[in-house]
Amino acid sequence: MVAPLPANAVRKPGDHKGRPYSRVVNAAMKARHAFMVMVVCAGMTAASAAEVPPGAASCTGCHAEKPNVDTPVPRLAEQDANAMVAAMQAYRSGQRPATVMDRIAKGFSDDEIKAIAAWFVMQR
Amino acid sequence: MFPLPLLAQGAQPRIVVIGGGFAGATAARFLKRADPRLNVTLVEPNPVFAACPFSNEVIASLRDMRAQLFGYDRIATAGVVVAHQAATALDGQARTVTLGNGAKLAYDRLVLAPGSDLRFDALPGYDAAAAERMPHAWKAGEQTLLLRRQLEAMEDGGTVVMTLPALPYRCPPASYERASLIAHYLKTKKPRSKLVVLDAKDTFSMQRLFENAWQELYPNLEWVPVSSGGNPTGVDAAAMTVSSDFDTYKAAVANIIPPQKAGRIAELAGTADRTGWCPVDPVTFESRLVPGIHVLGDAAIAGAVPKSAFAANAAAKICASAVAKLVFGEAPAAPKFVNTCYSLVAPDYGISIAGVYQPVNGQWLEVEGAGGISPVDAPRAFRNQEAKFANGWFNTITSEIFG
């Protein structure tokens with residue numbers, strides 16, 4: 001088991017002037033302490049509340065987290081979790097036209113897709 | 001299964017990352033994100049990183065070198081201690097790294113991400129001195145600009161010769177992208193010139209896509225595979241000749257991409273095997289040869305996962321999460337990851353290969369039914385869109401790491 005974090009290790013919202021990646025750290029830190037957050041995150045198990053679900057870390061290679069990045073690729077943090085799940089399922093079935101997302105979506109199950117979508121919602 | 005931490009809980013585990021490229025810089029930054037308690041030091045001699053992806057456009061006079069350059073300021077602001085020194089020695093037992101300035105860093109876990117080193121003992125005649133005359137440009141920076149300037153200075157009508165090695169090497173698709181973009185440069189600026197590509201291989205990634213595009217766009221490009229006598233056998237940098245199994249070519253410009261191996265520090269650490277690359281555990285990227293040392297990026301033998309910048313960044317994020325758990329005696333999560341490699345056959349014509357990978361029986365394997373290459377028959381609009389996504393990817397990934 002992990003020892004409780006010292007109080008000064010947990011940054012409060014706004015400490016980093018709202019930069020998106022600090023909210024990621026913030027969210028992960030809070031989830032470690034408050035497993036109740038899991039209830040909001042559909043599809044995640046007790047042990048993995050603060051963990052990055054399989055595959056999610058790769059997404060931000062193309063899907064920018066930060067603002068002001070010149071790219072036509074949509075940002076995941078702006079999307080609704082259900083819409084993300086539906087999009088991935090539609091890419092996987094071929095129903096939604098894609099250049100590369102069909103090939104990627106085919107590598108993930110429904111549970112994995114739901115976990116990834118829920119995790120990105122937690123990053124806001 | 002996972003060793004108990006050496007430290008009392010609440011202490012700050014020390015992680016040293018050697019190599020500030022796509023893998024190492026990502027690992028350092030994401031280690032801090034995974035757990036701010038970690039004391040993370042990034043060892044990288046160069047104060048400015050020159051990115052390889054899209055450097056082929058610089059070589060082909062389509063892009064400014066400044067678009068490839070990134071500093072480490074934001075990584076430092078994120079809480080990583082950045083040491084602009086070379087790692088000159090390391091002791092896996094004592095768990096220390098010695099830097100060029102004599103400083104010694106103690107670590108609880110070490111991450112090596114030294115990239116690929118060019119082998120100057122592999123192709124007869126091609127040593128470090130020859131590379132100043134016949135650039136490899138397979139590490140970005142001065143070599144990129146050297147090759148670009150040589151192409152610009154070349155008289156129209158001269159022959160450009162490229163040589164490509166056998167697998168494995170850093171980013172094979174990029175070598176075919178380079179052939180494409182050099183052909184593009186010649187077609188537009190030196191129309192009487194041609195490009196000969198001497199290949200130690202018969203097959204390569206996205207081959208049908210490249211060959212279809214070359215047929216449509218580049219009559220000035222001749223690819224000579226090994227079975228047609230194209231295997232590179234040696235060079236004479238003074239005479240500017242390049243030899244293959246069947247022929248010797250006089251090159252106005254020669255781009256030699258020699259065989260490669262893991263960066264030197266990986267060898268010094270004892271993490272490289274006889275292939276010259278580093279076997280690792282897929283879940284944690286921990287070396288199979290030296291406990292407590294993780295190897296990322298090109299240097300690692302990662303099963304089906306290619307040696308690409310995208311994969312280096314994705315693997316580094318997985319490894320960072322794993323190390324953050326391991327130092328506190330916790331089990332890392334079961335990972336899965338995605339790779340997507342874009343190649344530009346022309347500035348507005350992009351193609352891609354993707355893969356989804358998971359660890360199976362100690363190896364990274366492709367998830368069946370997923371991944372693959374861009375459709376062979378696709379309209380020009382599709383190719384334009386992939387070119388735009390390629391540019392977007394570069395901006396996004398470099399922003400994630402350095403921005």
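This passage describes the domains of chain B, its contact with chain A, and a set of paired strands in chain B, all taken from a predicted model.

Chain B falls into two domains. Domain 1 is assembled from three segments, 11-45, 85-115 and 263-331, while domain 2 covers 120-260. The C-alpha centres of these two domains of chain B are 32 Å apart. Their contact draws on four residues from domain 1 of chain B and four residues from domain 2 of chain B. On the domain 1 side, the contributing residues comprise one nonpolar, one polar and two charged.

Turning to the two chains, 30 residues of chain A and 41 residues of chain B take part in the contact. On the chain A side, helix 1 (20-33), helix 3 (56-59) and helix 5 (101-105) each give two or more residues, and helix 1 of chain A supplies the largest share, with three residues. Sorted by class, this side of chain A holds 16 nonpolar, eight polar and six charged residues.

Within chain B, strand 15 (residues 241-244) is a good place to look more closely. Strand 14 (residues 232-236) runs antiparallel to strand 15 and is joined to it by four bridges, one of which pairs B:Val235 with B:Val242. The hairpin formed by strands 14 and 15 of chain B has four residues between the strands, and B:Met240 in the turn shows a positive phi of about 60°. Strand 15 of chain B also runs antiparallel to strand 16 (residues 248-250), with three bridges between them; here B:Ser243 is opposite B:Thr248. Three residues link these strands in a hairpin.

In a regular strand, side chains alternate between the two faces of the sheet. Along strand 15 of chain B, B:Val242 and B:Ser244 point to one face and are buried, whereas B:Thr241 and B:Ser243 point to the other and are not buried.

Methods:
Residues are numbered from 1 along each chain as its sequence is written. Chains are lettered from A and ligands numbered from 1 in the order in which they are written. This is a predicted model: local features need pLDDT of at least 70, side-chain atom pairs count only at pLDDT 80 or more; totals for chains, interfaces and linings use all residues. Domain bounds come from an automatic or database domain assignment. Two residues are in contact if their C-beta atoms, placed from the backbone, lie within 7 Å. Ala, Val, Leu, Ile, Met, Phe, Trp, Tyr, Cys and Pro count as nonpolar, Asp, Glu, Lys and Arg as charged, and the others, Gly among them, as polar. A residue is buried if 20 or more other C-beta atoms lie within 10 Å of its own, exposed if 12 or fewer, and partly exposed in between; C-beta atoms are placed from the backbone. Two strands pair if DSSP finds at least two bridges between them.
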